[in-house]
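Trainee: Please take a close look at one part of this model and build the description outward from there. I would like the packing around it set out in one connected account.

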Amino acid sequence: MHSMTGFGRGSATTEHFTATVEITAVNRKQSEVVVQGTRDLADLEPRIRRAVTQSTSRGRLQVTLKLDPTASGAKPARVDAGLALSMEKAFKELSRLLDRDVMPVAADFIRQPGVISFEDSGLDSDLAWQAVERALEAAMYQLLAMRAAEGGHLKADLLERLALLEGFADRLAAEAPGRPQRQKEMLLKRLREAGLDLDPNDERVLKELAVFADRCDITEELTRLDSHFRKFRDYLDAAEPAGRALDFLCQELFREFNTIGSKANDASIAQTIVEAKTELEKIREQVQNVE
């Protein structure tokens with residue numbers, strides 16, 4: 001099981017380029033890959049997205065890319081000799097007019113547009129990808145290792161909380177059978193208070209209790225809870241991403257506990273339901289970070 005949060009960084013150098021890639025991953029229900037880099041690296045974005053989504057299924061991943069040419073891959077400089085000589089001649093003319101030496105320095109030539117320029121033949125995407133791909137692989141390795149480590153901690157916490165939920169379900173299973181008897185006692189008490197001291201074995205009382213017992217029977221809900229618990233554990237042990245499935249199971253568990261609370265209509269059972277739903281809310285918060 002993997003968490004959706006993590007960080008990875010990788011660098012690689014080839015004959016032509018040095019690439020540095022950083023990946024930051026945070027929670028997101030769907031998968032989103034955002035690539036940040038200079039405009040000339042836009043052609044590499046589809047390749048980066050494909051590589052990232054092959055190893056992740058959920059979360060927002062921000063990929064920051066820096067690419068620098070190596071010494072052998074740097075663009076050659078070009079000097080405009082005519083423009084440079086014209087500047088030199090202009091300074092000599094300025095010296096003659098002012099009747100003092102006005103000598104140009106290197107900064108004068110550098111500041112003048114066109115004296116020194118660099119050939120711009122565009123970025124070779126294939127050569128750049130050779131460095132970027134290796135840096136991206138290193139960054140992804142770190143990211144996935146961090147997500148796996150955090151996922152292990154999440155799994156341990158979820159198993160502990162799931163055991164608590166199973167304990168609540170066991171408590172409900174033990175409390176539920178006594179609910180009809182408590183209802184019978186309450187019914188007879190109300191009848192006596194109303195001045196109707198009926199025999200507990202009166203057919204009308206027994207019929208009312210039978211209807212109530214059928215209406216508050218939670219056997220089916222307890223069976224589904226047990227099934228959901230087992231499925232939850234299966235997903236925690238699965239090699240595939242399970243975040244969406246676990247989130248769905250949390251909703252189903254909420255539904256079953258709510259139904260039990262509505263059916264039972266009992267203070268003791270209601271307290272157990274509140275405790276179970278409180279713990280389940282914590283589980284769902286943790287599941288939001290599972291890939």
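Mentor: Helix α4 lies across strands β1, β2 and β4, and its direction makes about 150 degrees with that of β1. Axes here are lines fitted to C-alpha atoms, for helices over the stretch in contact, with angles from 0 to 180 degrees between N-to-C directions. Helices (H or I, at least four residues) and strands (E, at least two) are DSSP runs numbered from the N terminus. The model is predicted, with pLDDT of at least 70 needed for local features and 80 or more for side-chain atom pairs, while totals for chains, interfaces and linings use all residues. Residues are numbered from 1 along each chain as its sequence is written, and side-chain values use heavy atoms, leaving out hydrogens and water.

A131 shows the packing at residue level. A131 belongs to helix α4 and is buried, at a relative accessible area of 0% (buried is under 20%, exposed over 50%, partly exposed in between; 1.4 Å probe, protein chains only). Leaving aside residues up to four places away in sequence, A131 touches A12, T14, F17 and A19, where contact means heavy atoms within 4.5 Å. The C-alpha atoms of A131 and T18 are 6.3 Å apart, although 113 residues separate the two along the chain.

Two of the residues that A131 touches, A12 and A19, are themselves bridge partners, with A19 in β2. Their strands, β1 and β2, form a hairpin with three residues between them. The pairing of β1 with β2 (residues 17-26) is antiparallel and runs over eight bridges; two strands count as paired if DSSP finds at least two bridges between them. In general, strands of a sheet pair through backbone hydrogen bonds, either parallel or antiparallel. β1 has a covered face made up of G6, G8, G10 and A12, and an uncovered face with F7, R9, S11 and T13.

The hairpin is part of an open sheet of four strands with mixed pairing, in the order β1-β2-β4-β3. β1 (6-13) and β3 are the edge strands, each with a single partner, so each has one side without a neighbour in the sheet. On average, neighbouring strands are turned by 15 degrees against each other, direction ignored. Helix α1 also packs on this sheet, where α1 touches β3 and β4 and makes about 140 degrees with the direction of β3.

Salt bridges (a side-chain nitrogen of Lys or Arg within 4 Å of a carboxyl oxygen of Asp or Glu) number 19 in the structure. One of them joins the two helices that pack on the sheet: R47 and D126 bring their closest N and O atoms to 2.9 Å. R47 is in α1 (residues 45-53) and D126 in α4 (residues 125-175), so this pair links distant parts of the chain, 79 residues apart. R47 is partly exposed, with a relative accessible area of 24%.

Within the sheet, E32 and R60 meet through their side chains in another salt bridge, at 3.7 Å from N to O. E32 is in β3 (residues 31-36) and R60 in β4 (residues 59-69), so the bridge ties together parts 28 residues apart in sequence. E32 is partly exposed at 28% relative accessible area, and R60 is partly exposed at 23%.

Further along α4, R161 forms a salt bridge with D157, where the closest N and O atoms are 2.9 Å apart. R161 and D157 are four residues apart in α4, which means that about one helical turn separates them. D157 counts as buried, at 19% relative accessibility. Elsewhere, salt bridges with shared partners join E220, E221, R224 and E256 into one network.

One backbone detail lies in a loop. D99 has a positive phi of about 60 degrees without being a glycine. Most residues other than glycine have a negative phi. D99 is located in the loop between α2 (81-98) and α3 (106-111), and at 71% relative accessibility D99 counts as exposed.
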